[in-house]
Amino acid sequence: MNIFISLRWEGKNTATVVSACHSVFFNKYDLDILTNLAMKKDICITKPDKGVGVVILNSKDYYDKMSNILSDYSKFTLIKDSAFQVIFRVEDKINRSLRTLKQNGKISEDTYNSLFSTGSCLGVLYGLPKIHKLGCPLRPILAAYNMANYKIAKFFVPLLDKLTFNHFSIKNSYLFLKDILSQNPSKFMASFDITSLFTNVPLLETIDLITGTLFRTDTDTFYDMDKQTFTTILNLATLDSYFLFNNTIYKQVDGVAMGSPLGPTLANIFMVALEKTIFDKCPVEFRPSFYRRYMDDTFALFDHPQQAELFLNFLNTLHPNISFTFELEKDKCIPFLDMLITRSVDGFHSTVYRKDTFTGLGINFSSYCPLTYKINAIKTLIYRAYHLPVI
């Protein structure tokens, strides 16, 4: 049995894709090649942002791109303290706050024990290359699983779930397809995307949105927490995000980290509030007749292409942090999520959409991972084939 590895080399001005075929069982010669490759300091080996494969980048380009992201001082700030000092300070702040809440009867002993922080470490930031985009930009990802506030962030995810959806939200491709098939195919299709949504979510504003929605009066409670208790714990989960990159400590002062359990939750809550503003203020002259969103990807239908452009200009006036881009249908087709949507006189149709960087790789059956993962990978493809009709 063979596996196929897609390699992409990103140099200064060129990028080429090379496909290689290797035996599942490596011999010493193969291992020597991989060992020597791993020892090279002038390259960085990682995986792509989407899909499966191996990406090889020039190390200087990688660190320059990451440094450019971290140079936004409205989002990140450099920390001069040692890692031990930062970890001790954050753990002490969390545990003292939780202890005070427990002593005052605001949280239970079980909640205190489940959120207590000990043995934590700093998060680690890395970048995944978006090989499907020009210039191969990096998506910053935070490995947050052992950060001091990780358990608190995870604690809030199910509590806030009901705030992450509205009637414009879709959970997956299947629900979207069910909605779009009933629409008028004479409409014009457009998709909208938000530039770097996670890092541009206004954190304090989103926290205020959450507390304002859950606590209408001073006497309201939520999961046996009053407003002050809830806000205190939510701040502990979100406001002290310290991480390492290239042996340097940074603090994220705004936005949410992709990798934090609360990242998608806070991003969706902010978008739900923004969409209320959109449809309260959008002029009827270019308001879409159909609008659905999955995280930061939006699909909309309009009477004319010009309406989509006017709608884009309107969207970009709503919040200083949020910048939208858009794509118009071409030859009555447009990609959205993992589907290519096509319209004809008899309705909308869908087929599988693959980016140019798609490798077709999956889990190797000889790989060292649970058998259920391998079986479910096949079941997923079968389920998709039956539930997403293709043309």
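Student: In this predicted model, which residue of β15 does Cys-333 stand opposite?
Tutor: The strands concerned are β14 (333–336) and β15 (residues 339–344), which pair in the antiparallel sense over 4 bridges. Across this pairing, the residue of β15 opposite Cys-333 is Thr-342.

Student: Which strands are the edges of the sheet that holds β14 and β15?
Tutor: The sheet is open, and its 3 strands follow the order β14-β15-β16 with antiparallel pairing. An edge strand pairs on one side only, and this applies to β14 (333–336) and β16 (347–352).

Student: Which helix lies across these strands, and at about what angle does it run to β15?
Tutor: The strands β14, β15 and β16 are crossed by helix α6, residues 173–180. Relative to β15, the direction of α6 is given by an angle of about 5°.

Student: Is α3 roughly parallel or roughly antiparallel to α9?
Tutor: Helix α3 (residues 83–103) packs on helix α9 (residues 227–238) with the axes 10 Å apart and at an angle of about 165°. Angles over 145 degrees count as roughly antiparallel. The arrangement of α3 and α9 is therefore roughly antiparallel.

Student: How many nonpolar, polar and charged residues make the contact of α3 with α9?
Tutor: Helix α3 contributes Lys-93, Ile-94, Ser-97, Leu-98 and Leu-101, while α9 contributes Thr-229, Thr-232, Ile-233 and Leu-236. Sorted by class, the contact has 5 nonpolar, 3 polar and 1 charged residues.

Student: Why does Ser-196 count as partly exposed?
Tutor: Ser-196 sits in the loop between β8 (188–194) and α7 (197–200). Its phi is positive, about 50°, although Ser-196 is not a glycine. The partly exposed class covers values between 20% and 50%, so Ser-196 falls into it with a relative accessibility of 39%.

Student: Is Met-295 buried or exposed?
Tutor: Met-295 belongs to the loop between β11 (290–294) and β12 (297–302). Met-295 also has a positive phi, of about 55°, without being a glycine. Buried means under 20% relative accessible area; because the value for Met-295 is 18%, this residue is buried.

Student: What distance separates the C-alpha atoms of Gly-51 and Arg-354?
Tutor: Gly-51 is placed in the loop between β3 (43–46) and β4 (54–58), and it counts as exposed at 62% relative accessibility. Along the chain, Gly-51 and Arg-354 are 303 residues apart, yet their C-alpha atoms are separated by 9.8 Å.

Technical notes. Residues numbered from 1 in each chain as written. Predicted model: local features only at pLDDT ≥ 70, side-chain atom pairs only at ≥ 80, totals over all residues. Heavy atoms only, no water. Helix = DSSP H or I, 4+ residues; strand = E, 2+ residues; numbered from the N terminus. Buried < 20%, exposed > 50% of the residue type's maximum accessible area, 1.4 Å probe, protein only. Pairing = 2+ DSSP bridges. Contact = heavy atoms within 4.5 Å. Axes fitted to C-alpha atoms, helices over the stretch in contact; angles between N-to-C directions. Parallel < 35°, antiparallel > 145°, perpendicular 65-115°, else oblique. Nonpolar A, V, L, I, M, F, W, Y, C, P; charged D, E, K, R; others polar.
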